Structures are given as C-alpha cells and as structure tokens.
Amino acid sequence: MLVFGHAGHPVVLFPTSQGRYYEYKDFRLIEAAGPLVDAGRVKLYCPDGIDGESWYNQGIHPADRVRTHIAYENVIVRQIFDHARVDTGRPRVAVAGCSFGGYHAVNVALRHPDQVSHLFSMSGAFDIRRFMQGHYDDSVYFNNPVDYLPGLGDPWYLHHLRQMGIVLGVGEWDICLDANASFSRLLDAKGISHWLDVWRWAKHDWPLWWDMFPRYLAKL
C-alpha cells in the first residue's frame, strides 16, 4: 500500500482492473489531487489489488474466485479501514475507485455502510456475473451489487446508506454510462440519495478521472 498525505479525511482508493498499489501514482491521479493532499484535507490510502488472483483468475473455479475476493475484502475492512481510522482519528473512511475500482468501492461501501462516509465511483461497472462462467451461489449474489441492492430491505443497512455521500461519476461517451444510469435507478428505488454525475464529451480514460477525483474529494 502507498499512502499520500499527512492529515485529513481518509480515502481508500481501489485500483482499476488488475491494477497495483502504485497505479494511481504512476497514472498521475494522486498528482491531480495534490493540492487537497498537501493542504491536509485528505489522506489517500492505495492498497494493492488482487483481481488477477480472484475475478480474472481463469485457473481456478469461479466459486474460488469469489472466495478469494471475500478474503481480500476482509483485509481491506479489518486492517486497512481500521488503520486509516486510527491514523487520521476519523470515525469512518471514504472509498473511491476508477473503472473496476469503482466496483470494489461500491461493493465494500454497500456491504459495510457503517464504516464508509462517502463513496466516489468513477466510470465503474457493478455486475460481476461476467467473471462467473455461469456459476451462481449466495457468495456471488452478495458480492454483486446489481443483484443484492434490489432485494435489500434491512432497515439498518438502508439507514446507513441513506446517510452516505454517494457519487457515480461517468462520461457521456463512457463504456460504463449505461451501467451507471441503471445503478442510479436502483439507488433511487431504495430512496438512497446520490449524484449521478455525467461529464459531457468525456470517455472512459484517465483525463476524465484526473478532473473528477479532486472535484469529488473537495466535498469531504
């Protein structure tokens, strides 16, 4: 994990598909957020990703792909979240991610809404059935937001989700535009307030995320 900043709201930033912990530094997303980091407004935590061992791992059974992801989430929630809270003295963290990192941010926020204050998904997609080769079980269901959100009726979860600051950012020419519009409708159906932020003349690429990320962080 790489950490940037000395103080401020903790933000856990998930890498893109099969990305590594240094990806956001190398692709200048951290640089785009530099003024807010330097001012002590936010502290960014960039953990490693293991998509190549989980969702993208064609060498193991789909059920094992999900189990590997769940083990990864346990590390994020029980170690990274806890560390970030203690490190900054804040009671909850924000989560964010670009592309498939948006899936990770959305899924962990919806599954642990009492620990997450804000959710910033940038050009995310939220259906993991494409990795399952037809396999489906409870673990797939409960890690697939487009499946479990429509069935979510637990008042505890809904209360916390309705308190969360949620942004779904996407470009007008983005390959994930439809996925975000559809997910926005699912949130609306549950009375979960959010901002579907569609950027005109923008596509699924780093220049869009360089503009989005500091704009969303400024809301913390």
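So, cavities: in this predicted model, the count comes to one cavity of 30 Å³ or more. How big is the largest cavity? Its volume is about 50 Å³. As a reminder of how one looks for such things, rolling a probe the size of a water molecule over the atoms shows where empty space is left.

Who lines the largest cavity? If you have the structure open, pick out F14, H69, Y72 and E73, and then I76, H104, N107 and V108. Two helices, α4 (62-88) and α5 (100-111), each give at least two residues to that lining. Which helix gives the largest share? That would be α4, with four residues.

Now let's move over to the sheet. There are seven strands in an open sheet, and reading across you get β1-β3-β2-β4-β5-β6-β7, with mixed pairing. At the edges stand β1 (2-4) and β7 (195-199); each has a single partner strand, so one side of each has no neighbour in the sheet. Going from one strand to the next, the twist averages 15°.

I'd like to spend a moment on β6, residues 165-171. Is this strand enclosed or not? Six of its seven residues are buried, meaning under 20% relative accessible area, so β6 is largely enclosed by the rest of the structure.

Let's look at how β6 is paired. With β5, the strands run parallel and five bridges join them. With β7, the sense is again parallel, over five bridges. You can follow this residue by residue: M122 sits opposite G169 in β6, and G169 in turn sits opposite D197 in β7. So if you want a path across these strands on your screen, go from M122 to G169 and on from G169 to D197. There is also G171, whose bridge partner in β7 is W199.

How does the chain get from β6 to β7? Helix α9, residues 177-189, is the connection here: β6, α9 and β7 make a right-handed β-α-β unit.

One last helix, and then I'm happy to take questions. Helix α10, residues 206-217, lies across β2 (9-14), β3 (42-46), β4 (93-98), β5 (116-122), β6 and β7. Where it meets β7, helix α10 runs at about 145° to that strand.

To pull it together for your notes: one cavity of 30 Å³ or more, an open sheet of seven strands, and a β6 that is largely enclosed. Thanks, everyone!

Note on methods. Residues are numbered from 1 along each chain as its sequence is written. This is a predicted model: local features need pLDDT of at least 70, side-chain atom pairs count only at pLDDT 80 or more; totals for chains, interfaces and linings use all residues. Side-chain values use heavy atoms; hydrogens and water are left out. Two strands pair if DSSP finds at least two bridges between them. Axes are lines fitted to C-alpha atoms, for helices over the stretch in contact, and angles run from 0 to 180 degrees between N-to-C directions. Contact means heavy atoms within 4.5 Å. Buried means under 20% relative accessible area, exposed over 50%, partly exposed in between (1.4 Å probe, protein chains only). A crossover is right-handed if, with the strands pointing away from the viewer, the path from the first strand over the helix to the second runs clockwise. On a 1 Å grid over the protein atoms alone, a cavity is a set of points where a 1.4 Å probe fits but cannot get out, and a pocket is an open set with protein on both sides within 12 Å along at least five of seven lines; lining residues have an atom within 4 Å of a point. Grid points are joined across faces, edges and corners, and a volume is the space filled by probe spheres set on the points.
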